[in-house]
Amino acid sequence: MASALVFRLPERGPELLREVLLERGWEDYEAGRRDREDWNLYWRTTRFCNSEYQNLMPWQRLNHHPKTAEITRKDCLARNLTRMRATFGASVYNFSPTTFILPNNYIRFLAEYNKLRVSKGLSAYWICKPVDLSRGRGIFIFEDIKSLVYDCTVIVQRYISNPLLISGYKFDLRIYVCVKSFNPLTVYVHQEGLVRFATEKYRLSSLRNLYAHLTNTSINKFGPFYKTEKESVGQGCKWTMSKFRHFLYGQDVNELLLWQRINNIVTLTLLTIAPSVPPSPNCVELFGFDILIDGRFKPWLLEVNYSPALTLDCQADIAVKKGLVSDLIDLMNYTWVDGLRERAYRRKGYKAPSSDAVKPSYVSVPALPTLKDPKIGEKKPHVPKLPSLKSQAEKGQRKLGPLAFVSGPLPPVDLNKMFSTSVVTATNTQSVDPIYSQHSRTKASTANRQMRPTLAPRLTDNRSRHVSEVTNHDDAETRAQREHLAEADISSSTPDIPPRGLGFKPSTVSWKLPHIHRTASKKTRGHIPPARVGDFIRTFPFNKATLKASQHTLDVRTVIQEVNKLTAHFSSGRRRPDKKKREEEEVKNAEEEEEEEEEDFDSLFWGPKDPPQIRLLLQNHQG
Ligand code: ADP
């Protein structure tokens with residue numbers, strides 16, 4: 001039987017995650033006296049530094065990809081979206097309100113401010129946000145430039161002054177996005193999310209009333225009407241996404257187009273950094289995309305959070321976040337490869353470290369195979385004695401990282417198993433006891449959601465709420481951001497989006513590591529990640545063309561074309577092509593269908609309650 005997996009979580013780390021992992025039989029790294037490398041998952045709300053990525057062991061995973069601050073810092077996001085707009089056109093990158101970074105762009109902002117005043121003669125509203133803060137801190141809305149006062153780097157953004165309201169209340173959507181890999185780009189969006197309401201009615205005449213204009217829970221839970229029963233909204237300030245879908249049914253809206261536009265925002269935003277994120281197969285990341293819908297049902301991107309809060313403040317949080325975390329663990333697809341950690345120690349007679357618990361003793365870990373190693377077939381390989389860290393240090397050599405091992409002889413590892421498909425099936429779930437335990441939601445139908453065990457009381461008590469309330473930009477994160485900026489400085493030579501065909505090449509370093517996420521389709525050599533894992537729906541790649549465009553080098557232009565094509569289907573409404581054209585299309589569709597069936601490529605459409613297959617949806621939509 002596989003051994004328990006080990007998670008590493010800082011004391012203030014999300015209590016909910018700890019709870020879910022313990023329920024699944026994982027062990028807490030902090031609870032035992034473990035060796036420094038003796039863990040499978042390290043989850044932090046702060047960033048990791050370069051050396052932590054470089055020294056990862058094959059069985060270890062981190063919950064952040066490198067360099068993602070390029071979309072999670074407000075100023076970086078603005079800069080990157082501006083660059084993409086210049087390259088691919090304002091008609092594609094049209095989902096972010098006009099933004100200026102001050103003080104640098106002050107002159108440009110002034111020009112735009114004056115232009116709007118003079119040409120439109122209307123009031124234009126602006127929102128000012130410190131780049132380094134989160135949870136609504138330091139934000140204010142203004143109409144007159146005289147009110148613009150700041151003492152740190154801020155962004156000033158066009159204020160969406162006509163938001164969609166529900167019974168007079170403003171709201172935004174928190175969409176949970178998991179980037180399983182940037183290389184190749186593999187994105188999942190969770191079916192459940194949160195709708196976050198302001199707690200006072202929206203009025204442009206009271207710009208200073210943050211309870212009416214900001215939808216942050218951290219602000220509204222201190223508002224005078226938080227606990228009041230509010231028309232339609234109810235008590236508190238959150239709905240689940242399911243409830244929002246229900247609300248949409250009653251509206252005269254092209255719902256599919258709305259979801260598709262939100263999908264586009266996620267994909268197009270991730271495309272801004274995907275080519276420049278170094279390959280990091282052992283990383284996964286959960287982002288929180290904040291989307292505001294305006295009165296014409298157009299969604300706008302407000303920001304991307306890199307450590308979306310996993311605290312449980314209310315019923316909606318409980319309904320959404322436990323399933324989310326559970327699905328995320330399923331999505332990571334832990335397999336027996338991850339058990340190599342324990343096995344490696346056991347084979348070398350690993351003993352619990354003595355009083356010197358932090359002393360690194362991972363030198364006893366046997367080498368893991370590379371794809372190219374000629375000795376893979378050997379039955380009884382010799383496990384080498386590796387030099388101790390101390391002796392390495394004594395010789396003045398570099399610290400041993402995982403790559404120090406890859407050239408040695410091999411332990412008995414069956415590569416066929418190691419690189420077998422990761423599509424979650426009943427077969428592979430059986431071999432991974434601690435992961436796909438009775439608490440795994442992958443095997444359960446979505447309808448079983450209500451059956452989930454209720455949360456332990458400590459998750460909802462005040463104490464745990466406080467300790468785990470860490471979001472992307474709290475004090476700890478601000479520190480981390482500074483660290484990240486140092487990291488970003490070092491790598492400021494990271495290429496921008498390369499011209500078509502000049503993609504980012506995976507470094508040889510990463511390819512030497514056994515790729516624990518690698519999957520292989522039965523019939524193709526291509527990598528087709530599962531269409532759905534729990535409530536996570538794969539939104540990228542979504543068809544063969546995007547699959548092809550994201551393998552090896554990311555062909556951003558082709559991806560954008562495919563995104564546009566799909567959107568065109570939904571925005572054009574029902575079309576009735578002439579007879580000849582229809583016949584031609586039918587033949588083409590049949591051919592494509594055959595081909596697709598052959599390749600076993602199914603994609604679901606994220607958004608509607610029961611996500612339909614994209615292919616069927618398009619057929620129906622065309623009439
Ligand atoms: P923070 O990181 O501090 O939460 P956000 O950018 O998410 O900063 O903004 C906080 C809130 O302010 C949002 O949840 C939204 O309600 C409101 N808001 C932000 N930007 C805009 C905008 N451009 N137009 C309208 N409302 C906005």
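Start by selecting S5, residues 99-102. Both faces of this strand are covered: Thr 99 and Ile 101 point to one side, Phe 100 and Leu 102 to the other, and all four are buried. Keep in mind as you click around that this is a predicted model.

**The antiparallel sheet**

Now bring in the strands that go with S5. You get an open sheet of four strands, ordered S5-S8-S6-S7 and paired antiparallel. S5 and S7 (140-142) are the edge strands; each has a single partner, so one side of each is left without a neighbour in the sheet. Going from one strand to the next, the twist averages 25°.

Next, select S8, residues 154-158. Its antiparallel pairing with S5 runs over four bridges, and its antiparallel pairing with S6 (residues 126-130) has five. Which residue of S8 is the bridge partner of Ile 101? It is Ile 155. Ile 155 is also the bridge partner of Lys 129, so show Ile 101, Ile 155 and Lys 129 together to follow the pairing across the sheet.

Before leaving, add helix H4, residues 74-88. H4 lies across S5, S6 and S8, and runs at about 130° to S5.

**The parallel sheet**

Hide all that and select S1 (6-8), S2 (27-28) and S3 (41-42), and S4 (61-62). They form an open sheet of four strands too, here with parallel pairing and the order S2-S1-S3-S4. S2 and S4 stand at the edges with a single partner strand each, so one side of each has no neighbour in the sheet. Zoom in on S3 and S4: two bridges join these parallel strands, and Leu 41 stands opposite Arg 61 in S4.

Which helix lies across S1, S2 and S3? Select residues 15-23 and you have H1, running at about 170° to S1.

**A stop at Tyr 29**

Step off the end of S2 into the loop between S2 and S3, where Tyr 29 sits. Is Tyr 29 buried or exposed? Its relative accessibility is 11%, and anything under 20% counts as buried, so Tyr 29 is buried. Show its contacts, skipping neighbours within four places in sequence: Val 6, Phe 7 and Arg 8 come up, along with Arg 34, Asp 35, Arg 36, Asp 38 and Trp 39. If you want a distance to check, draw one from the C-alpha of Tyr 29 to that of Pro 10: these two are 19 residues apart along the chain and separated by 9.7 Å.

**Into the nonpolar cores**

The next selection is the largest nonpolar core, with 68 residues. Tyr 93, Leu 173, Ile 175, Val 177, Phe 244, Leu 270 and Leu 271 have the most contacts inside it. The element that gives the most to this core is H9 (residues 255-271), with ten residues.

Pick out Ile 175 and list what it touches beyond four places in sequence. Among those residues are Val 189, Met 241, Ile 262, Phe 287, Phe 289 and Trp 606. For a second, separate core, look to Leu 21, Leu 328, Tyr 334 and Val 533, which are included in its 29 residues.

**H9 and its neighbour H8**

Go back to H9 and colour by burial: 16 of its 17 residues are buried, so the helix is largely enclosed by the rest of the structure. Its end C-alpha atoms are 24 Å apart, in agreement with the 24 Å its 17 residues should span at 1.5 Å a residue.

Add H8, residues 241-249. The two helix axes come within 11 Å and cross at roughly 140°, and H8 and H9 are therefore oblique to each other. At the contact, Met 241, Phe 244, Arg 245, Leu 248 and Tyr 249 in H8 meet Glu 255, Leu 258 and Trp 259 in H9.

**H19, then zoom out**

One more helix: H19, residues 556-571. Its 16 residues reach 22 Å from first C-alpha to last, close to the 22 Å expected. Its buried residues include Val 556, Ile 560, Glu 562, Leu 566, His 569 and Phe 570.

Finally, show the whole protein chain, with its 21 helices and 17 strands. Of its 623 residues, 57% are buried. Among contacts with a separation of 6 or more, 72% are between residues 24 or more positions apart.

Conventions: Residues numbered from 1 in each chain as written. Predicted model: local features only at pLDDT ≥ 70, side-chain atom pairs only at ≥ 80, totals over all residues. Heavy atoms only, no water. Pairing = 2+ DSSP bridges. Axes fitted to C-alpha atoms, helices over the stretch in contact; angles between N-to-C directions. Contact = heavy atoms within 4.5 Å. Buried < 20%, exposed > 50% of the residue type's maximum accessible area, 1.4 Å probe, protein only. Expected span 1.5 Å × (residues − 1). Core = buried A, V, L, I, M, F, W, Y, C linked by side-chain atoms within 4.5 Å. Parallel < 35°, antiparallel > 145°, perpendicular 65-115°, else oblique.
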